[in-house]
There are 2 protein chains.
Amino acid sequence: MRTHHPAPIRAAIASLPGSKIREVSLAGANLPDLIPLWFGEGDEPTPAFIREAAKAALDRGETFYAPNAGVPALRQAIAAYLGRLYGRDFALERITVTGSGMNAIMLAMQMLVGEGDNAVIVEPMWPNARESVRIMGAEPRACVLEPGNDGWRLDPDRLAALCDARTRVIFVNSPGNPTGWMMSTEEQRALLAFARARGIWIVADEVYARIVYDRPHAPSFLEVAGPDDPVIVVNSFSKAWSMTGWRLGWITAPASLAPVLGNLNEFNISHPTTFAQAGAVAALEQGEPYVAALCRRYGEARELTLARLGSFRRVRLTRPEAAFYAFFAVDGVRDSLAFCKELLRSAGVGLAPGIAFGPAGEGYVRLCHACSLPRLEQALDRLAGVLDG
Amino acid sequence: MRTHHPAPIRAAIASLPGSKIREVSLAGANLPDLIPLWFGEGDEPTPAFIREAAKAALDRGETFYAPNAGVPALRQAIAAYLGRLYGRDFALERITVTGSGMNAIMLAMQMLVGEGDNAVIVEPMWPNARESVRIMGAEPRACVLEPGNDGWRLDPDRLAALCDARTRVIFVNSPGNPTGWMMSTEEQRALLAFARARGIWIVADEVYARIVYDRPHAPSFLEVAGPDDPVIVVNSFSKAWSMTGWRLGWITAPASLAPVLGNLNEFNISHPTTFAQAGAVAALEQGEPYVAALCRRYGEARELTLARLGSFRRVRLTRPEAAFYAFFAVDGVRDSLAFCKELLRSAGVGLAPGIAFGPAGEGYVRLCHACSLPRLEQALDRLAGVLDG
């Protein structure tokens with residue numbers, strides 16, 4: 001898009017693509033009886049004990065400026081949570097609270113890439129990492145996963161071949177959105193060794209770390225990296241604690257970066273919403289039964305989704321290992337955006353078009369199964385008419 | 001600061017200065033009986049009716065993703081508020097809700113400046129605009145205000161001389177932090193004519209628009225600019241509604257930029273905290289009596305502050321026209337950071353060092369008078385020992 005002003009805006013910004021998921025959701029906004037499975041969030045509000053903690057903070061008058069790195073109680077709760085989860089100690093200085101996982105990625109890109117630099121991004125991927133690289137004037141390079149019989153696979157040689165002297169970042173999102181790809185501990189070790197040797201940062205988006213169905217958590221770079229390794233792990237309260245609207249996440253980084261990350265918070269949002277951080281403390285300290293129940297619920301939805309989709313004649317499904325999506329190719333579909341818009345009327349179901357996740361996603365669509373079983377069954381029945389016709 | 005990693009971070013980021021106000025506040029954090037007047041916020045929490053509105057939104061389960069541009073009810077409330085305040089119509093498309101005034105400035109700089117560009121900033125100024133320019137790889141240029149008998153003065157010729165073919169932005173903060181400088185309508189018209197002719201954007205930080213003592217609001221670029229002029233006005237809920245910890249602000253821009261600003265929100269924080277936006281709606285719709293009472297309260301504190309400081313022998317005070325600061329030079333002080341640290345112990349009062357606001361602020365200190373009268377009187381009594389000795 002171009003503005004009508006003689007005063008120019010940056011070309012990199014004028015050409016930023018709008019979200020194609022939002023485009024489908026706007027097209028379907030006023031359709032009666034639509035079942036929307038397009039966004040990456042559950043269908044239930046944040047649990048009451050978390051909301052009550054934020055309300056209590058409002059009652060206590062926690063409405064003032066807070067430290068750049070986050071409210072101390074929350075940083076402590078995060079360090080303790082990571083310690084319980086991964087069986088290691090995490091120094092407080094390694095933790096910076098951010099205004100969402102997205103904002104954490106933006107801070108990382110501000111810190112690491114500028115004009116002339118590049119970042120290698122494993123795709124198909126949630127599009128926002130790519131755009132944050134572009135905003136900083138740097139070049140995103142896609143390393144495409146291969147769909148196989150037992151899931152998506154990263155080719156380390158292909159990734160290495162994409163890196164050059166101006167590569168500052170390798171961005172991986174595991175468990176992955178939209179693919180459900182999950183890196184193994186061995187793959188993480190190998191990638192870390194490569195990054196160390198080449199002086200490249202790994203930015204690991206682990207916001208789906210807890211949305212897993214066969215173990216307590218996905219393999220994490222926090223388990224294989226030392227405290228001073230060039231690794232920045234991004235996390236979020238959005239998925240495991242159903243807090244998408246709270247805009248709270250965190251970064252785990254080498255302690256030496258604490259002053260830099262505090263400064264970057266200062267110059268971006270100063271700090272996340274003060275009283276919301278009290279909700280996040282409650283999520284970490286009292287939230288394990290909730291996370292377990294959520295995964296059981298999403299796990300049942302997942303079984304149903306994979307079984308039904310797998311039986312549809314037009315669907316080629318690469319089994320997701322984790323997260324709460326099914327990402328599948330549809331025979332005959334070459335324009336996933338047009339197909340998803342068509343589905344709004346032909347099936348009354350809202351899905352996300354694969355092209356939203358990079359060129360490698362074209363021909364695919366994404367279904368979010370973080371939804372009640374009856375509603376999901378209804379959606380799959382409707383989809384059967386189009387996908388199994 | 002340098003990291004201990006072979007993997008580099010950007011030089012522009014490694015060299016970002018930490019806030020010198022934060023440096024003083026950390027030095028004074030554990031001193032008993034200190035009176036802190038260093039930060040730009042009042043001493044009372046957000047009024048109850050605003051907190052209750054956010055709590056009600058939490059009870060209603062407003063914890064999901066929201067539109068990038070902001071919750072529609074809030075955008076409508078902002079457009080209506082601006083309409084009442086300035087007696088003009090503001091189209092909804094001109095309003096984008098942001099995660100603080102600071103974040104609004106960062107979005108503006110992302111949109112407008114990149115490597116090789118520059119932004120002219122009127123100083124002494126709150127340091128964050130300058131750093132957001134540096135983060136984007138561009139050059140900040142200071143246009144220094146002159147202290148005079150009847151307030152601070154901007155020299156338009158000096159400003160024009162700083163602009164060249166790579167100047168993308170002129171940044172003004174009026175009413176100004178720390179100076180209390182307030183641009184007149186005539187000065188705004190002249191600057192707008194210059195910006196139009198040169199194809200340069202004005203980014204006007206008007207977060208103190210309502211913290212005025214002799215009129216309902218400060219002169220605003222929204223009163224002199226047409227809807228398609230190259231003007232981006234930044235506002236915030238922090239100051240007039242005592243909502244510093246909420247991290248909510250907004251941008252008023254040409255409607256043609258709405259898709260771009262929505263995209264930038266998406267790739268920075270997606271959108272501000274969903275349920276907090278309900279509090280901001282209440283602030284705008286029910287907050288006028290509160291804003292009036294706040295200005296009366298701050299106005300009494302201001303009179304006391306200016307009268308007392310004006311009588312101190314070591315103080316040279318340039319009268320602020322608006323906002324809630326006194327920014328004054330202290331005879332014999334050449335290192336304002338060291339002086340403010342010393343004051344912590346010698347007077348038991350926390351002030352902000354002038355150097356925090358750019359080199360032009362050296363030798364000055366900033367006192368925030370958004371404070372109860374008894375407390376302020378006590379602080380001024382203590383300061384008298386040092387400043388009137």
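**Sheet and interface in a two-chain model**

In this predicted model, B:Phe171 stands opposite B:Val203, a residue of strand β8 of chain B. The two strands concerned, β7 (residues 167–173) and β8 (residues 201–205) of chain B, pair in the parallel sense, and five bridges join them. Strands of a sheet pair through backbone hydrogen bonds, in either a parallel or an antiparallel manner. In chain B, β7 and β8 belong to an open sheet of seven strands with mixed pairing, whose order is β2-β10-β9-β8-β7-β3-β4. The edges of this sheet are formed by β2 (95–98) and β4 (139–144) of chain B, each of which has a single partner strand, so that one side of each is left without a neighbour in the sheet. On average, and with direction ignored, neighbouring strands of the sheet are turned by 20 degrees against each other. Helix α5 (residues 101–112) of chain B lies across β2, β7, β8, β9 (231–236) and β10 (249–252) of that chain, and runs at about 160 degrees to β9.

Between the chains, 70 residues of chain A are in contact with 70 residues of chain B. On the side of chain A that touches chain B, at least two residues are supplied by each of several helices, among them α3 (48–59), α5 (101–112) and α10 (258–268) of chain A. The residues of this side comprise 35 nonpolar, 25 polar and ten charged ones.

A turn of 180 degrees, with a shift of 0.0 Å along the axis, lays chain A on chain B with an RMSD of 0.0 Å. The two copies are therefore related as by a two-fold rotation axis. The same surface serves both copies, since 100% of the contact residues of chain A recur in chain B. Of the residues of chain A, A:Lys55 comes closest to the rotation axis, with its C-alpha at 2.8 Å.

Methods. Residues numbered from 1 in each chain as written. Chains lettered and ligands numbered in written order. Predicted model: local features only at pLDDT ≥ 70, side-chain atom pairs only at ≥ 80, totals over all residues. Contact = placed C-beta atoms within 7 Å. Helix = DSSP H or I, 4+ residues; strand = E, 2+ residues; numbered from the N terminus. Nonpolar A, V, L, I, M, F, W, Y, C, P; charged D, E, K, R; others polar. Pairing = 2+ DSSP bridges. Axes fitted to C-alpha atoms, helices over the stretch in contact; angles between N-to-C directions. Least-squares fit on C-alpha atoms with pLDDT ≥ 70 in both.
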